[in-house]
Amino acid sequence: MMKTRHARVRVSVLGVALGVLVRTSLARADEMPPPPQRASASPVPEVSATPAAVSSTAVPPPDESDRVIEERLTGIFANVDELSEVQPTVRFGVVRLRGTTSGAETRRRAEELAKATPGVVFVDNDIEGVTDVAEQIEPTLGRFVKRLEAIVQRAPLYGVALGMVALFAVLAGVVRRWRAPFRLLIRRPIVRDMAQQISAILLVLVGLLIGLELLDATALVGAVLGAAGVVGIALGFAFRDIAENYLASILLGVRQPFSANDHVVIEGHEGKVIRLTMRETVLMTLDGNHVRLPNALVFKAVVLNYTANPFRRFQVSVGVAVTSDLGEAQAVGNATLRQTPGVAAEPPPFTRIEELGDSNVLVKVFGWVDQREADWFKVRSESVRRVKSAFDAAGIDMPVPMQRVQLDALQPELREKEREVRRELGESELAEASVEVAPDDVLEKQIAVDRSVQKDEDLLDAAAQP
């Protein structure tokens, strides 16, 4: 009994001594300086031991971060109708998408949303497409129904906008047909027509702008104008000739180098003007044929207008013998033209001696014709006939280019008899009935018929048209 008690006391004392020894060793270890650290390629940054530092730089455990990502994606998908059946699961930043969608585009959108979420490392897209036709049509049908409901709700506003556009379109039509104020302000027909067209277009544009403003769609105007500008530039390069003719027609209409029925010569083409359109100038030749000239060519060409000045001069060239009395020839020529119907008294006729040749002297007799009262071609033709007859009657020789033998011993009686015969012949011809030299209206009648048949737009001055 005593031995057992002594043994227990020894064990207790030994345990106490062993505990004191362990505590002493731990205290000495805390007091000793830390051993030097070895150099490392990637040193570990020191972390402050203060509670504030620990709380600010602490990184949540992987499970907490995955839970946040999963909740965020679940909330996003729940608010998108097409993705409401998609269920995301996240583990260590890897997102796995399960569920069904209406198509490949919806699957792609779900994957993009998952990749855009912070903290996502990889996305495993296991979304399946819906195979049921009804389920595939239902989302599209739902969107269509919503848009239809929105249109029905905004129907009164659409009606007001269309009403404004229709009102301004009607006003534009009235301006396009109401020519009275434009006639008072603008004399040129092409400028007047352009002003009417531009006014009508501006009214239509104002109506469209008001309608778009009511629908809150004015941004569409900028897009349309930008596209129209690009298309206009492309078309301008592609149809350069057409654009050049159009611009030339506007300039010709403003300048008015000729009017309807004017007798002109353009690039060697002679005729009377029928009309000036936005593309071409139409002439009727003296033979009654149509000639269509591009306006770009007409604008650049030299235009000879015989009708712009009503007085037009003609000449009759006569070769007389070198032995003839030139003063007498001039007097006979002037007197003959003054008596010819259609030759204007002012400016008066006159005669010039132009050239002294080998076998004759060239004499030119000039006269003027008022084209408003007489036809130039008829008057010139009659003048040639009368001058020739007058020279024959006056005994003025008009030699032909040939050689002849003249006998100086010709009896004076025969020469005087020949002169009397010529004088009698000339007087009888001059005593004929008056020649008709009125202006020829054959082409004018044909042009009037052509205008009545053709409905092309004419840019020439309407006052000059018959």
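Select E267 to begin. E267 is partly exposed, with a relative accessible area of 46%. Here, buried means under 20% relative accessible area, exposed means over 50%, and partly exposed is in between, with a 1.4 Å probe and protein chains only. E267 sits in the loop between β4 and β5 (269-276). Helices (H or I, at least four residues) and strands (E, at least two) are DSSP runs, numbered from the N terminus. Check the backbone of E267: phi is positive, about 50°, although E267 is not a glycine.

Two notes on what is on screen. This is a predicted model, in which local features need pLDDT of at least 70 and side-chain atom pairs count only at pLDDT 80 or more, while totals for chains, interfaces and linings use all residues. Residues are numbered from 1 along each chain as its sequence is written, and side-chain values use heavy atoms, with hydrogens and water left out.

**Stop 2: N261**

Go to N261. This residue lies in the loop between α10 (240-255) and β4 (263-266). Is N261 buried or exposed? N261 is buried, at a relative accessible area of 14%. N261 also has a positive phi, about 75°, and is not a glycine.

**Stop 3: the five-stranded sheet**

Now show the strands around β4. They belong to an open sheet of 5 strands, in the order β7-β6-β5-β4-β8, with antiparallel pairing. Two strands pair if DSSP finds at least two bridges between them. Which are the edge strands? They are β7 (290-294) and β8 (303-305), and each pairs on one side only. From one strand to the next, the twist averages 40°. Axes for this angle are lines fitted to C-alpha atoms, for helices over the stretch in contact, and angles run from 0 to 180 degrees between N-to-C directions.

Zoom in on β6 (residues 280-285). β6 and β7 pair in the antiparallel sense over 5 bridges. Select E280 and look across: P294 in β7 stands opposite.

**Stop 4: N245**

Keep P294 visible and add N245. N245 belongs to helix α10. N245 is buried, with a relative accessible area of 16%. What does N245 touch? Not counting residues up to four places away in sequence, N245 touches M278, R279, P294, N295 and A296. Contact means heavy atoms within 4.5 Å. Draw a distance to A296: the backbone nitrogen of A296 lies 3.0 Å from a polar atom of the N245 side chain.

**Stop 5: strand β11 and its partners**

Select β11 (residues 361-370). How many of the residues of β11 are buried? The strand is mostly covered, with 8 of its 10 residues buried.

Add β9 (residues 311-320). β9 and β11 pair in the antiparallel sense over 10 bridges. Use F314 as a marker: F314 stands opposite G367 in β11.

Then add β10. β10 and β11 run antiparallel and are joined by 6 bridges. Here E355 faces L362 in β11 as its opposite residue. Follow the chain from β10 to β11: the two are joined by a hairpin through 4 residues.

**Stop 6: P347 and T336**

Step back to P347. P347 lies in the loop between α12 (326-338) and β10 (350-356). Look at the peptide bond that joins E346 and P347: this bond is cis, with omega about -5°.

Next, select T336 in helix α12. T336 is buried, at a relative accessible area of 7%. Leaving aside neighbours within four places in sequence, T336 is in contact with R386, V387 and A390.

**Stop 7: L83**

Jump to L83, in the loop between α3 (62-78) and β1 (87-91). L83 counts as buried, at 0% relative accessibility. Its contacts, not counting residues up to four places away in sequence, are F77, T101, T106, A110 and L113. Try one more distance, C-alpha to C-alpha: L83 and G99 are 8.7 Å apart in space and 16 residues apart in sequence.

**Stop 8: helix α4**

Finish on α4 (residues 104-115). Its 12 residues should span 16 Å at 1.5 Å a residue, and its end C-alpha atoms are 17 Å apart, which agrees. The expected span is 1.5 Å times one less than the number of residues.

Color the buried residues of α4: T106, A110 and A114. Why are they on the same side of α4? They cover an arc of only 80° around the axis, which puts them on the same side. The arc is that of the directions from the helix axis to the C-beta atoms. An α-helix has 3.6 residues a turn, so residues three or four places apart point the same way. Now rotate to the face turned away from the buried side of α4: the exposed residues A104 and K115 are there.

Notes: Polar contact = N/O pair within 3.5 Å; in protein donor to acceptor, adjacent residues only side chain to side chain.
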